[in-house]
Amino acid sequence: IYNQKVNVFTFLRHPVSRLISEYIFYKTWKNNHLYKIINENQISFSEYLLSKDRLLIYRGKNFMTRCISGKGFIATKHPYSALAVAKKNLEKKFFFFGIQEKFTESVILLSKILNFTDIFFQVHNKLSINLKSYITDKDKEIALELNRADCELYNFAVKCFEDKISKCGQSFSSEVNKFSILNNNYQNKFNQSIPNKNSVDIILPKN
């Protein structure tokens, strides 16, 4: 594969939403390497972000900027130098990037680029219990403060994505609505065929 041309694409998500989802995932999926440390130590979301533990110290700090820039751990101390590289890489190195909050629109655009016709998708690992209610506004403020570079990168990506949508013309909105109806029917049939597929074991965080 290293001798072949590879078309790389990614999806970006609002940094706070991404971190909340990441924290809940590690807290509820028993087979991951952080499940034990988070639950046995009753680590809250804010503690997860601020932790100096060697397994957690890089988790809540500009992860998207570090990955997309390729600067890794260095970008934790100098995120804004990595931010410029990340923006450039999105424009020049990635042949496509989508937005998680605009997932349907992203999938449709990607399918056009790849000439895919059958692009229905299924939702997996959706939590049946809303742990987000345990995350406070103060927690979200901490996440924003620690991820300013990621916020700027996300806003940059959203602006570029919206520009792509606008170039598709007015018919794109109708295309999205039509696809959403068809995909919802597909999703409903999938859900009916696999009962209780979304069940997970939950250990609630401390108050």
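# Helix α7 and the α1–α8 packing

User: Where does asparagine 115 with its positive phi lie relative to α7?

Analyst: Asparagine 115 comes just after α7 and takes a positive phi of about 60°. The model is predicted, with local features needing pLDDT of at least 70 and side-chain atom pairs pLDDT 80 or more, while totals for chains, interfaces and linings use all residues. Residues are numbered from 1 along each chain as its sequence is written, and side-chain values use heavy atoms, leaving out hydrogens and water.

User: What makes the reach of helix α7 close to the expected one?

Analyst: From first C-alpha to last, α7 (residues 103–114, a DSSP run of H or I with at least four residues) reaches 16 Å. The expected span, 1.5 Å times one less than the number of residues, is 16 Å for its 12 residues.

User: Which residues of α7 are called buried?

Analyst: Under 20% relative accessible area (1.4 Å probe, protein chains only) counts as buried. In α7 these residues are Thr104, Glu105, Ser106, Val107, Ile108, Leu109, Leu110 and Ser111. Their cover includes β1 (9–12), β2 (96–99), α9 (148–167) and α10 (171–193).

User: Why are α1 and α8 called roughly perpendicular?

Analyst: α1 (residues 15–28) and α8 (residues 137–146) pack at about 115°, with axes 9 Å apart. Angles of 65 to 115 degrees count as roughly perpendicular, and α1 and α8 are therefore described in that way.

User: Which residues of α1 and α8 meet?

Analyst: With contact meaning heavy atoms within 4.5 Å, Val16, Leu19 and Ile20 in α1 meet Lys140, Ala143 and Leu144 in α8. By class, five residues are nonpolar, none polar and one charged.

Terms used
Helices (H or I, at least four residues) and strands (E, at least two) are DSSP runs, numbered from the N terminus. Buried means under 20% relative accessible area, exposed over 50%, partly exposed in between (1.4 Å probe, protein chains only). Axes are lines fitted to C-alpha atoms, for helices over the stretch in contact, and angles run from 0 to 180 degrees between N-to-C directions. Angles under 35 degrees count as roughly parallel, over 145 as roughly antiparallel, 65 to 115 as roughly perpendicular and the rest as oblique. Ala, Val, Leu, Ile, Met, Phe, Trp, Tyr, Cys and Pro count as nonpolar, Asp, Glu, Lys and Arg as charged, and the others, Gly among them, as polar.
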